[in-house]
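Please read this report with the sequence and the 3D structure open beside it, and look up each residue as it is named.

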Amino acid sequence: MASLFERRLQTIKGIGPKRAELFEKLGVHSAGELLRFYPRSYEDWSNPLPILTVPLESVCVVRATVLHRPVENRIRKGMTLYKVKVTDGVSDLSLTYFNNPYVQNLLEEGKEYLFRGKMSGTFLRREMAAPDFLPADKAAPIRPVYSQTEGLSNRMIASAVRNTFALLPEQIRDPIPENLRESQELLPLREALEQIHFPASQELLQKARRRLVFEEFLVLQLGMLGMKGRSREENRFRLSRDDSEAFFGLLPFTPTHAQRRAVSEAIADMMGPYPMNRLVQGDVGSGKTAVAAALCYCAARSGIQSALMAPTELLAQQHYRSLCSFLEGTGISAALLTGSVTAAKRREILENLRSGATQVLIGTQALFSDDVEFSRLGLVITDEQHRFGVAQRAALAAKGGHPHLLVMSATPIPRTLALMIYGDLEISVLDELPPGRQKIETYVIDSAKRQRAFGYLQKHIDRGLQCYIICPLIEESGSDMASVEQYAKRLREEWMPRARVGILHGRMKPKEKEAVMTSFAAGEIDILVSTTVVEVGVDVPNAVIMLIENAERYGLSQLHQLRGRVGRGTEKSTCILVSDAQNGDTMRRLKILASSSDGFRIADEDLKLRGPGDFFGSRQHGLPALRIADMAGNMDVLRDAQEAAREIFTEDPPLMQPEHRGLRAEVNQLFSKSGEIIFN
Ligand code: ADP
Ligand code: MG
């Protein structure tokens with residue numbers, strides 16, 4: 001079977017070199033991948049309605065007999081209309097097709113068809129323009145709709161999939177062991193694949209989906225468990241004592257209980273037999289930097305160097321400033337290494353690292369370029385880890401001689417999902433904000449109210465306060481989405497001419513970004529118009545209003561993070577979500593933000609409303625690419641799969657038993673794309 005699954009696309013009937021290229025555009029490279037190229041949605045033809053009962057303007061399927069052959073009607077040059085009358089026995093329906101002579105041959109008088117289209121006309125005279133149709137006796141009840149690309153139509157994809165099935169033997173090997181399939185009532189693989197592409201009924205479609213979602217969750221979870229259990233190295237950077245109390249004494253504030261707990265959990269790891277592998281999950285503003293600093297301090301006191309890696313230069317700078325102020329007077333020395341450090345400075349930093357004179361190195365990915373050598377690197381911390389994937393984590397561990405690893409994430413994720421996404425890590429949660437934080441008032445408005453919002457901004461600016469405005473685009477692109485450049489221009493020229501406006505986006509040079517942030521932090525800019533680059537970690541307490549354009553474009557968790565940029569000082573803060581896409585779903589989602597400030601609750605609600613697909617699909621977590629994201633799947637399946645994975649893994653950790661070999665292959669295949677081999 002493996003060979004068939006790996007078979008090149010061109011060996012499938014109807015696929016030549018050209019078409020194979022188009023399929024590759026869709027990410028399909030082999031027969032196996034084509035079978036796993038699940039439909040994006042379905043057209044249900046299984047439930048035709050009587051013509052008269054269909055509400056006008058709705059898309060529907062009717063079953064009707066052709067009363068006469070299509071009549072040709074030349075309206076003007078190049079424009080021919082074909083008219084057909086059909087009946088369901090009770091009422092008639094007029095169909096029209098433009099410039100489509102084929103219907104004359106395809107629609108036979110006296111024969112029955114299913115027609116699918118939008119019902120229009122009046123109550124008495126029903127019409128449909130250019131409906132799709134199928135002979136009633138041959139109609140597949142539910143038809144797949146695939147993601148398409150130019151030159152590759154839905155029909156072509158469906159027929160390629162059909163031809164691939166023709167090549168499959170009746171019996172194919174199923175990675176899910178039979179006993180598990182039985183206890184979970186899962187369809188066998190072949191049947192599931194058939195039903196996901198060409199469902200015989202809604203019920204079978206649901207069963208197929210459940211089986212395939214289950215399988216993917218199972219494989220993912222097994223991979224995570226495999227990574228966690230894999231090669232538990234010896235702890236070569238064992239802390240001999242816990243110096244955290246001394247560190248807490250250095251802070252200008254009292255640490256929260258949650259901060260203390262996270263620090264002591266991490267210290268316990270670092271004192272234990274294996275290297276630490278821990279995630280600290282904490283809402284924006286929960287004080288993760290202080291937790292990181294505490295660990296760097298303790299490591300340094302035990303003669304161990306630390307590296308703290310941030311996803312952006314801006315954040316690295318901010319961490320550097322915080323750590324320097326926390327560590328002042330302790331004799332512990334920190335350095336900042338980013339891409340924009342001069343060559344001479346860089347040499348000096350590297351020299352101090354090698355000699356051990358510098359104990360804490362802060363920076364971006366540049367931290368791990370080849371020429372960076374530590375004298376004794378034993379702790380690696382990555383901040384906002386959703387930008388770093390599973391594979392990078394593993395690479396880091398290997399490069400550093402298996403140092404302790406702490407990842408910090410500000411994206412609260414419901415516990416069930418966290419287990420799946422960060423299954424290779426222990427988890428600490430900062431579920432408590434430092435005291436005195438204010439609730440950020442959150443409003444949803446449409447663009448008609450924008451001018452009033454500007455008045456509100458100006459009032460605050462007049463009092464010396466500052467604002468952020470977030471736009472999804474950098475420059476104008478012809479769409480109706482807001483762009484940073486255009487927006488800033490209009491603010492300066494017409495909307496708020498008195499305000500000092502600055503811009504920030506990812507295409508600016510690091511030096512430019514730094515200059516803008518510095519001057520914003522110094523209060524020389526009133527309004528910072530930015531893309532989501534300010535999303536992670538930037539801290540300006542004097543900024544009190546966050547206005548987000550095209551708010552419907554973002555996930556709730558991301559909006560929550562953006563909102564966390566304000567409310568960092570003593571002033572009351574506000575978040576204004578601007579959206580014209582105020583349909584029911586969008587509004588419901590945005591209102592959740594308005595009513596809650598608990599990141600974990602928001603994530604939970606998002607999960608309930610949109611299913612886990614978004615969390616897996618966002619590609620933020622560095623997970624291997626999943627197909628499930630498109631299929632959503634529900635939480636029950638996720639839990640069942642999780643449990644099954646745990647059982648299998650407990651019984652047979654290396655997945656060596658014959659009935660687990662298929663799963664082992666699937667796990668290795670899933671993770672191979674991110675450069676990992678989980679089970680040798
Ligand atoms: P995040 O978890 O979002 O990274 P930060 O570490 O940036 O949060 O902390 C946010 C702000 O709260 C910083 O100004 C920090 O100095 C402050 N802070 C952190 N812990 C406490 C605490 N226990 N009490 C008061 N302020 C704190
Ligand atoms: Mg932070």
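The sections below deal with the cores, the cysteines, the ligand and a few loop residues.

## The nonpolar cores

This is a predicted model, and a good place to begin is its interior. The largest nonpolar core has 42 residues, and among these F247, L295, I362 and I381 touch the most other members. Helices and strands both build this core: α9 (244-248), α10 (257-271), α11 (288-301) and α12 (313-327) each supply at least two residues, and so do the strands β12 (334-337), β13 (360-363), β14 (377-383) and β15 (404-409). The element that gives the most is α11, with 11 residues.

F247 can serve as an example of how such a residue is surrounded. When its neighbours within four places in sequence are left aside, F247 is in contact with A290, A293, A294, Y297, F326 and L327. Apart from the largest core there is a second, separate one, which has 39 residues and includes F217, L225, L417 and A641.

## Cysteines without disulfides

How many disulfides does the structure hold? The number is 0, and two cysteines show what this looks like in the model. C296 is in no disulfide, and the nearest cysteine sulfur to its own, that of C298, is 9.4 Å away. Because a disulfide needs two cysteine sulfur atoms within 2.5 Å, the distance of 9.4 Å between the sulfurs of C296 and C298 does not qualify.

Is C296 buried or exposed? With a relative accessible area of 1%, C296 is buried, and C298 is likewise buried, with a relative accessible area of 0%.

## The surroundings of ligand 1

Ligand 1 is surrounded by 16 residues, of which T254, G285, K288, T289 and R437 are the closest. Several distances between polar atoms can be followed one by one. A nitrogen atom of ligand 1 lies 2.9 Å from a backbone N or O atom of T254, and a nitrogen atom of the ligand is also 2.9 Å from an N or O atom in the side chain of Q259. On the side of T289, a polar side-chain atom is found 2.6 Å from an oxygen atom of ligand 1.

How much of the accessible area of ligand 1 does the protein cover? On its own the ligand has 570 Å² of accessible area, and the protein covers 81% of it.

## A buried tyrosine in a loop

Y38 sits in the loop between α3 (31-35) and β1 (41-44). Although Y38 belongs to a loop, it counts as buried, because its relative accessibility is 13% and the limit for being buried is under 20%. The side chain of Y38 makes a polar contact with the side chain of R36, at 3.0 Å. Y38 also shows how the chain brings distant parts of the sequence together, since Y38 and I628 are 590 residues apart in sequence while their C-alpha atoms are 9.3 Å apart in space.

## Two residues with positive phi

Which residues other than glycine can be named here for a positive phi value? One of them is E57, whose phi is near 70 degrees, and which is found in the loop between β1 and β2 (59-66). Another is H402, with a phi near 55 degrees, placed in the loop between α14 (390-399) and β15. At 26% relative accessibility, H402 counts as partly exposed.

Notes
Residues are numbered from 1 along each chain as its sequence is written. Chains are lettered from A and ligands numbered from 1 in the order in which they are written. This is a predicted model: local features need pLDDT of at least 70, side-chain atom pairs count only at pLDDT 80 or more; totals for chains, interfaces and linings use all residues. Side-chain values use heavy atoms; hydrogens and water are left out. A nonpolar core is a set of buried Ala, Val, Leu, Ile, Met, Phe, Trp, Tyr and Cys residues joined through side-chain atoms within 4.5 Å. Buried means under 20% relative accessible area, exposed over 50%, partly exposed in between (1.4 Å probe, protein chains only). Helices (H or I, at least four residues) and strands (E, at least two) are DSSP runs, numbered from the N terminus. Contact means heavy atoms within 4.5 Å. A residue is near a molecule or strand if one of its heavy atoms lies within 4 Å of it. A polar contact is a pair of N or O atoms within 3.5 Å; within protein, one must be able to donate a hydrogen and the other to accept it, and residues adjacent in sequence count only if both atoms are side-chain atoms. Accessible areas come from the Shrake-Rupley method with a 1.4 Å probe; for residues, only the protein chains shown count as cover.
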